[in-house]
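This report describes one protein chain, beginning with the contact between its two parts and moving on to its overall build and to selected residues. Please read it alongside the sequence and the coordinates.

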Amino acid sequence: MAERVEALVIGAGPAGLMAADVLSAAGVPVVLAEAKPSPARKFLMAGKSGLNITMDAPLAQVCAVFEEARSPLGPMLAAFGPQEVMQFCRGLGQEVFTGSSGRVFPAAMKGSPLLRAWLARLSAQGVVLRRRWRWSGLSDGFLFETPDGPLVIRPKVTVLALGGASWARLGSDGAWAGILRDRVPLAPFAPANAALSVAWSSHMAAQFGQPVKDVALHCGAYRSRGEFVISQRGLEGSGIYAVSKGIRAGHPLVVDLKPDWPLERVRQALTQGNRKASVSNMLRKALHFGPEKLALVMEYARGHEDLASAIKALTLGNVTLRPLDEAISTAGGIRWEAVTGDLELKAMPRVFAAGEMLDWEAPTGGYLLTACLATGRQAGLGALKALS
């Protein structure tokens with residue numbers, strides 16, 4: 001016997017929670033199915049070092065980071081952007097603050113207080129959370145593997161919010177693509193906001209774990225200004241994540257180690273230095289380079305005939321993206337032409353999709369969560385409209 005319900009939301013990450021919130025706030029009974037023993041695991045992991053919930057910036061600036069902003073995503077961000085995200089947090093009793101970079105954090109910094117308040121509100125609104133319910137297929141309804149064995153639900157409306165294909169241990173394994181592939185146009189998954197693998201020479205070992213600050217990076221059309229960390233496996237950090245899409249497209253990674261100085265000033269400083277000094281000492285004294293920048297110069301520009309040019313445009317060769325499952329987020333998923341403006345699947349009426357299941361990507365800095373919440377809200381509103 002199949003269980004009949006008003007609304008089914010599959011996936012209890014931020015997008016799914018938001019869809020369930022919209023529906024239940026309107027009085028619709030909601031069943032929220034989550035494959036893991038607890039909800040929003042990736043959300044909590046992201047908040048371990050400080051939950052960056054959104055970016056306090058003008059809407060045009062926020063939309064500019066999404067190449068998909070000209071798709072249906074643009075109006076969703078306009079309807080639920082940074083200001084709405086901040087107000088949403090306050091509505092859950094969680095005050096927020098804006099850091100010097102414009103990034104917005106809960107006052108508690110962690111994601112757990114916000115999640116607890118949110119789950120309490122959903123419970124009060126009648127949402128039933130079913131844990132360890134893994135969606136496994138479509139068989140005269142939505143088939144789940146549950147602690148009580150296989151079960152089928154027949155909802156009047158459904159919101160799919162199963163995430164992308166990274167951090168599978170936290171729930172986003174992309175397995176849903178196998179269920180939808182024959183029904184819905186999908187773009188292949190690809191790593192976004194990903195660290196890089198580098199085959200270092202042995203002299204770089206002393207720099208593992210060291211941050212490289214005050215640099216500018218560009219890779220094809222993608223640019224960032226910030227910092228990154230040298231790790232045993234390669235490079236990671238916000239500066240790298242912002243240009244990883246260029247790496248994916250096959251462009252070389254170029255780093256400006258002295259971004260506030262024009263080339264001629266760098267060249268002049270090197271010329272005026274002690275010509276008998278070693279390259280390391282000259283860079284240390286003339287350009288105030290620390291050991292991490294010195295190591296990068298030695299790794300990639302040793303013996304370069306124009307050292308000043310190399311410093312301003314140091315090409316880091318032999319870099320590749322880390323595996324998909326290690327990426328912070330993923331590109332690919334349900335193509336935009338497969339959904340309506342309400343995020344209803346054109347091939348599956350009364351079924352909606354939200355969050356990283358959709359084919360969009362954005363840099364870190366609160367943009368990812370903002371788009372997940374905005375699409376979750378839109379899918380919830382679409383499902384509500386379908387019911388009425």
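Between domain 1 and domain 2, 4 residue pairs are in polar contact, both residues of each pair being at pLDDT 80 or more. A polar contact is a pair of N or O atoms within 3.5 Å; within protein, one must be able to donate a hydrogen and the other to accept it, and residues adjacent in sequence count only if both atoms are side-chain atoms. By class, the side of domain 1 that touches domain 2 has 4 nonpolar, 1 polar and 3 charged residues. Here Ala, Val, Leu, Ile, Met, Phe, Trp, Tyr, Cys and Pro count as nonpolar, Asp, Glu, Lys and Arg as charged, and the others, Gly among them, as polar.

The model is predicted: local features need pLDDT of at least 70 and side-chain atom pairs count only at pLDDT 80 or more, whereas totals for chains, interfaces and linings use all residues. Residues are numbered from 1 along each chain as its sequence is written, and side-chain values use heavy atoms, with hydrogens and water left out.

## The two domains

The domain assignment gives domain 1 as 2-191 + 327-387 and domain 2 as 196-321; such bounds come from an automatic or database domain assignment. The contact takes 8 residues from domain 1 and 6 residues from domain 2, where contact means heavy atoms within 4.5 Å. The C-alpha centres of the two domains lie 38 Å apart.

Together the domains bury about 590 Å², 50% of it on carbon and sulfur atoms. Buried area is the accessible area (1.4 Å probe) that two parts lose on being put together, summed over both. On the side of domain 1, E67, P191 and E361 lose the most area to domain 2, together 57% of what that side buries.

The rule finds 3 salt bridges across this interface, a salt bridge being a side-chain nitrogen of Lys or Arg within 4 Å of a carboxyl oxygen of Asp or Glu. K245 forms a salt bridge with E67, their closest N and O atoms being 2.9 Å apart.

## The chain as a whole

The protein chain has 14 helices and 19 strands. Helices (H or I, at least four residues) and strands (E, at least two) are DSSP runs, numbered from the N terminus. Along the principal axes, the C-alpha atoms fill a box of roughly 85 × 40 × 35 Å. Of the 388 residues, 53% are buried; buried means under 20% relative accessible area, exposed over 50%, and partly exposed in between (1.4 Å probe, protein chains only). Among contacts with a separation of 6 or more, 70% join residues 24 or more positions apart.

## Helix α12

Helix α12 spans residues 291-301, and 8 of its 11 residues are buried, so the helix is largely enclosed by the rest of the structure. The buried residues are E292, K293, L294, A295, L296, V297, M298 and A301. Their cover includes the strands β12 (210-219), β13 (222-230) and β16 (314-316), together with the helices α11 (279-287) and α13 (307-312). G303 follows α12 and has a positive phi, near 80°.

## Selected residues

R130 is placed in strand β6 (residues 128-131). The side chain of R130 makes a polar contact of 2.7 Å with the side chain of E3. Beyond neighbours within four places in sequence, R130 is in contact with E3, V31, L32, A33, E34 and I153.

I334 belongs to strand β18 (residues 329-334). Outside its neighbours within four places in sequence, the contacts of I334 include W176, L180, V184, V339, M357 and D359. The C-alpha atoms of I334 and R134, 200 residues apart along the chain, are separated by 20 Å.

P72 lies in the loop between α3 (59-64) and α4 (73-79). With neighbours within four places in sequence left aside, P72 is in contact with W336 and G341.

L343 lies in the loop between β18 and β19 (351-353), and R350 is placed in the loop between β18 and β19 as well. Neither is a glycine, but phi is positive in L343, near 70°, and in R350, at about 70°.

The relative accessibility of these residues is tabulated below.

| Residue | Relative accessible area | Class |
|---|---|---|
| I334 | 0% | buried |
| L343 | 0% | buried |
| P72 | 26% | partly exposed |
| R350 | 33% | partly exposed |
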